[in-house]
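Please look over the model below before reading on. The report takes each chain in turn, then a covalent link and a few single residues.

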Amino acid sequence: MSPEIALMISPRRTYAALAQAPRSTPILVSLRRPALAALVLGVSLAMAATGRVTPALVLSTTLCWSFAVAIQAAVALVLIAGPARKTVGVPRAFDLFFAGHAPWSLWLLAVAAWAPSQLGRPLTPILVAAIVPLALTVRIVSAFFVEVLELDRRDALLRTGIHQLAIWGVLSVLFATAVQLVPRVLGWIA
Amino acid sequence: MDRVVFGARVAAAVLVSMGFMLSRDAGQLAARPPIERAGYSVAAVDLHVHSFPGDGVLPPWDIAVEARRRRLDAVALTNHNSTHSWRLAQLLAPITGRAGALLMPGRELTSAGYHLAIVGTTQAIAWRQPASAAAAAAHAAGGVAIAAHPARRNRAAFDDAALVALDGVERAPTLIHANDQLDEELTAFYERARRVHPSIAAIGSTDFHRFAPIGMGRTYVLTSAPGQAGILDAIRAGRTVACDGLGRAYGPAKLVVLVQSDCRSDATMPPDGQTGAARVGTWMVWIGMVALVLLGASSLHPR
């Protein structure tokens, strides 16, 4: 069983086993999982938007949307770098942190396959299903802080909360800017 | 066990690679053969498309290629109160190329109580003004103003003065296929607009963000000059027919007759260049990606 699957089933036990394995991770190797996550995003968006994937299209969508993974990486580094230096080291901690990307990656691929459309399948089931990766990711991230960074439960919960707030906060601000939320809200109020 | 898993990862990567080889474009798609009707050249356009960077998922250069696949001659990039995406496309054109449909600059003017698709200008237009003033500003900047998905809740913003000032009305945005009530509201709005402004253009558009295919709603524009200038002039003159995702056409009866068959065939035919091999390739990539995610990048119990 891969760490990605095991983390979805039993995150604390899995991270405990991974943290104990004596292994150092070169910096470049620690980028493999974020790179895969970016590729998943590129493939999923290309397929959802056009019904197909081509090398040129996926290269384009992956590069354009890699900023979303970069935001994840930046937030992760801020939260894990300090404690990681005392435990498994920053590159290995970063690598293990991104081992938890599977729930959202699988959800994105499911969206691409479901392909909601005004003339076809509705969007609602996909949106409702997002509760699953949301809940799993919170569990996985919390387990990471406890088992890999050896933080106490309170500190782990706090960092998990900050992590989720930061990620969703940044994405919300970007989305609100893109859709011009202010005039819409003024219109609703009026 | 490690060897088995490693072998499975390699197989998944090979599946993805083979999928990409099968699904790659064989070559640049040719432009649509020109359609001539009653002395006009007919251009198929989507005048309401959102792009990256913005709240659309595709960057402009990919939208242009996808629009050409969907037998469109032009699309208008209409992000909310922004033309950054179109400007980025122009900046990066030496790298990305200019393949595909014509990209027209525009914005979806997002105000409190109404939205306007303003096409044909990059000039900034303030959203804190009535719809009639925004339309006048669009004209002064050389563009056209189209009421975007004007539902009942927008009725107050689109008074008679606004309807006179507007160039077009979205009669067939793709939203109507998911919402019968909206279809009724848009029908009522279009009829009211035509009573006040008989030559107002009927517009079909996708309001593409991420899922509905570009060109699912489209406008057939009867132009007498090529390119963006000809498209804008035709909209101003009301020489348009809106076509929805089911192949139904809306607009002046004399014009609908000219393009009804194009509307039906464009709505039902698959995209140009789509082959069985490409579809298989796409699914091979998808399956390979699922496998790569599940198989992971390392072992749970490394030696």
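## Chain B: elements and extent

Chain B contains nine helices and twelve strands. This is a predicted model. The C-alpha trace of chain B covers about 75 × 40 × 40 Å along its principal axes.

Chain B has 303 residues, and 56% of them are buried. Contacts across the sequence are frequent in the count. Take the contacts in chain B with a separation of 6 or more: 68% of them are between residues 24 or more positions apart.

## Chain B: surface and charge

The exposed area of chain B is about 12,500 Å². Carbon and sulfur atoms supply 59% of that area.

Chain B carries 29 positive and 24 negative charges. The mean positions of these two sets are 4 Å apart.

## The disulfide

How many disulfides does the structure hold over all chains? The count is one. The bond joins C243(B) to C263(B), with an S to S distance of 2.0 Å. A disulfide is a covalent bond between the sulfur atoms of two cysteines.

Where do the two partners sit? C243(B) lies in strand β11, residues 240-243 of chain B. C263(B) lies in helix α8, residues 253-268 of chain B. The pair therefore ties together parts that are 20 residues apart in sequence.

The torsion about the S-S bond of C243(B) and C263(B) is about 90 degrees, so the disulfide is right-handed. Are these cysteines buried or exposed? C243(B) has a relative accessible area of 1%, so it counts as buried. C263(B) is buried too, at 0% relative accessibility.

## Chain A: elements and extent

Chain A has ten helices and zero strands. Its pattern along the sequence reads α-α-α-α-α-α-α-α-α-α.

Why does the radius of gyration of chain A agree with that of a compact globule? For 190 residues, such a globule would have a radius near 16 Å, and chain A has 18 Å, which agrees. Along the principal axes, the C-alpha trace of chain A spans about 55 × 45 × 25 Å.

## Chain A: burial, surface and charge

Of the 190 residues in chain A, 49% count as buried. C64(A) is a buried cysteine, because its relative accessibility is 14% and the limit for buried is under 20%. Consider the contacts in chain A between residues at least 6 apart in sequence: 68% of these join residues at least 24 apart.

Chain A exposes about 8,900 Å². Carbon and sulfur atoms make up 71% of this exposed area. The side chains of chain A include 15 positive and 6 negative ones. The centres of the two sets lie 9 Å apart.

## D62(B) and its contacts with chain A

D62(B) belongs to helix α2, residues 60-69 of chain B. Is D62(B) buried or exposed? D62(B) is buried, with a relative accessible area of 11%.

Which residues does D62(B) touch, leaving aside its neighbours within four places in sequence? D62(B) is in contact with L57(A), S60(A) and T61(A). These three partners are in chain A, while D62(B) itself is part of a chain B helix.

Another distance concerns I146(B). D62(B) and I146(B) are 84 residues apart in sequence. In space, their C-alpha atoms are 25 Å apart.

Notes
Residues numbered from 1 in each chain as written. Chains lettered and ligands numbered in written order. Predicted model: local features only at pLDDT ≥ 70, side-chain atom pairs only at ≥ 80, totals over all residues. Heavy atoms only, no water. Helix = DSSP H or I, 4+ residues; strand = E, 2+ residues; numbered from the N terminus. Rg over C-alpha atoms; globule rule 2.2 N^0.38 Å. Buried < 20%, exposed > 50% of the residue type's maximum accessible area, 1.4 Å probe, protein only. Contact = heavy atoms within 4.5 Å. Areas by Shrake-Rupley, 256 points an atom, 1.4 Å probe, with all protein chains shown as cover. Lys, Arg positive; Asp, Glu negative; His and termini not counted. Charge placed at Lys NZ, Arg CZ, Asp CG, Glu CD. Disulfide = S-S within 2.5 Å.
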